[in-house]
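Colleague: I'm new to reading models like this one. Could you walk me through it?

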Amino acid sequence: MKTKKQNINLRQLFRNKLENAEAIPDVSVKSKLMRRVARKEFLRFNPSRLNIYYIAGILVTGIATTVLLFSTSKDYETLLPESSTAILNKTDTTKFAEVPVKQIVRKEPEKSFVIHNESIKSKTSSQQRDTAGPEVRKVNNLQNANPIYHPVINYAISGKGVFSKSVDDKKKLQSGFNTEPNLIELFESSGCAPLKLRFYNKSTPYDSCRWTFGDGGFSNERDPEWIFDVEGEYKIALQVFGRDGRNSISTTTVNVYPRPQAHFEITPEKAVIPNDEIHFLNYSTNAVQFRWDFGDGSTSEFFDPSHTYAKYSNYNVSLVVFSDRGCSDTLKVVNAFSGSEYFIDFPNAFIPNTQGPSGGYYSSKSDEAAQVFHPSYTGVTEYHLKIFSKLGILIFESSDINLGWDGYLKGQLCESGVYIWKVRGKFINGEPFIKMGDVTMLKN
Amino acid sequence: MMSDQQIIELCAKHDRKAQQILYDRYSRLLLGVCLRYASDKAEAEDILQDSFLKIFYNIQDYSGSGSFIGWLRKVTVNTAITHYHKNLKYRYSVEIEEYESIETGVISFEEDFYTSDELYKVLNELPTGYRMVFNLYAVEGYKHKEIAEMLGIDTNTSKSQYSRAKAVIRDKLEKLGKLKSSYSDLN
């Protein structure tokens with residue numbers, strides 16, 4: 001009989017029972033942990049204690065430094081031109097004059113290179129060869145100056161190869177653009193992110209042009225295609241450099257709207273179908289309209305719908321959400337109620353306790369010696385186990401999965417040998433199972 | 001038998017032996033904590049490992065005042081939260097409307113009726129978000145505001161998840177209770 005019969009609420013129940021509850025970790029956890037500690041210690045290079053690692057560390061660093069010392073002098077020479085040509089190849093396949101660069105650029109090669117190389121997009125290879133040396137030198141000189149220089153230099157060079165002009169000249173050049181409103185043709189000027197648009201340049205006559213897209217990107221193509229990844233309002237500018245020396249500029253605006261994100265969770269996580277009412281918890285962002293498809297032919301437009309399925313099956317649940325701008329996003333959960341994680345398995349042998357019947361109740365802790373014949377399982381809701389002797393006599397029957405067979409029949413220990421078992425039942429998602437097999441009863 | 005204080009001092013010097021003693025002494029208790037935050041034992045053991053690494057390498061942060069077990073427990077809970085964030089399936093960025101919890105069915109429970117194994121199982125089966133909030137609020141005793149900060153969710157989300165978690169748990173316990181009493185009736 002119970003000595004204490006105290007009624008408490010849910011919170012107290014869990015706190016009392018679990019706050020100081022203990023569980024025995026697997027032995028492997030400790031060894032794994034100590035291995036990880038050892039690895040960490042190894043990386044820590046503690047000189048006072050772990051001498052082997054210390055020496056190993058000195059050895060490794062010693063070898064590394066010698067190797068490094070030998071290689072750096074060579075590397076420095078070879079690395080530079082490699083990286084420079086790599087960048088160049090993106091825009092122009094003609095070989096670039098490497099020699100002068102190598103000699104001049106020593107300290108901050110990347111910086112000057114990127115600038116240089118973006119700027120020569122529209123030029124011919126012969127121009128490049130002529131200009132590479134002096135231009136780089138110039139950029140180098142400017143490096144300590146205001147960074148505003150960089151785009152200006154770019155811009156001047158991409159115009160007509162006027163790299164040697166002073167800043168004042170460039171300003172004059174820039175102000176010489178005529179603003180013309182209708183050089184840009186665009187079929188759509190707004191859409192959902194990521195938005196892909198093709199821009200058309202309507203100007204004639206035309207020699208070269210430059211598009212800036214307002215997100216830091218630009219293009220020198222005539223009719224470029226551009227993708228806007230982030231929502232926002234973008235100012236598009238098109239500069240056209242005419243053959244007759246007349247330059248014009250045109251602007252337009254593109255609106256990129258945010259795309260909503262469809263997110264939902266299904267609860268209960270391990271639902272019983274068809275018994276449970278399934279709740280769909282909506283975590284979508286940026287959305288104003290929702291279209292649910294529960295996979296069994298029914299749909300809903302509620303925010304957090306609930307649904308009850310008529311029979312067990314694997315359903316695909318999908319949610320389409322729409323923003324106020326009509327942008328949409330879809331999340332589809334395939335086999336939302338799949339029961340692959342549920343199983344039931346039986347051992348093929350057990351050793352009953354010869355001291356007397358235990359009643360058959362077991363837990364993973366109490367039955368470490370395998371004294372009770374019972375299944376290992378997850379997600380079983382209905383269960384019926386029968387055990388027969390070789391002669392076909394029903395020895396044991398149980399409808400409670402927590403009740404296994406202790407090897408006794410009416411208080412008498414049965415003979416050791418082979419017994420036949422048969423189980424049928426249902427998993428909690430409604431899926432039925434039937435299994436049979438044999439088990440050997442051993443005796444100590 | 002070394003005292004906790006001695007072990008802490010040695011662990012701060014990365015003494016391997018002391019670390020092992022610390023593990024042997026507290027791993028059972030801390031696994032008990034981890035189990036509440038995990039969906040199975042393997043996950044709990046992962047959290048346990050990470051917790052001990054944190055404990056070994058941050059033991060100098062333990063101020064000496066306050067209970068050492070409390071500190072260990074706190075590190076473990078924080079590790080479980082980090083683990084939860086790492087494995088987060090969904091971002092809770094939408095405010096969920098205040099959830100009116102409906103207190104139905106059994107409100108009070110008999111303490112000795114359920115074993116801790118059964119309670120662990122109920123927790124393990126909860127959706128991860130519910131489990132975090134329920135543990136932090138009911139067992140650890142944090143406020144909803146603190147939980148919201150720890151998990152990076154809204155205070156109302158924490159509240160509503162707690163009431164939903166309670167409803168789910170109550171439901172499960174009731175089912176389990178029926179099963180158990182139907183057996184004891186047979187006897």
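Here are some questions and answers about this model.

Modeller: Happily! This is a predicted model, where local features need pLDDT of at least 70, side-chain atom pairs count only at pLDDT 80 or more, and totals for chains, interfaces and linings use all residues. Residues are numbered from 1 along each chain as its sequence is written, while chains are lettered from A and ligands numbered from 1 in the order in which they are written.

Colleague: How many helices and strands are there in chain B?

Modeller: Helices (H or I, at least four residues) and strands (E, at least two) are DSSP runs, numbered from the N terminus. Read from that end, chain B runs α-α-α-α-β-α-α-α-α. That gives eight helices and one strand.

Colleague: How many residues of α6(B) are buried?

Modeller: A residue is buried if 20 or more other C-beta atoms, placed from the backbone, lie within 10 Å of its own, exposed if 12 or fewer, and partly exposed in between. Among those that pass in α6(B) are B:Tyr130, B:Met132 and B:Phe134. The helix is largely enclosed by the rest of the structure because the buried residues number eleven of the twelve.

Colleague: Is A:Asp367 buried or partly exposed?

Modeller: A:Asp367 sits in the loop between β20 (349–350) and β21 (376–378) of chain A. Leaving aside neighbours within four places in sequence, its contacts (C-beta atoms, placed from the backbone, within 7 Å) are A:Tyr362 and A:Val372. Because A:Asp367 has 17 C-beta neighbours inside 10 Å, this residue counts as partly exposed.

Technical notes: Contact = placed C-beta atoms within 7 Å.
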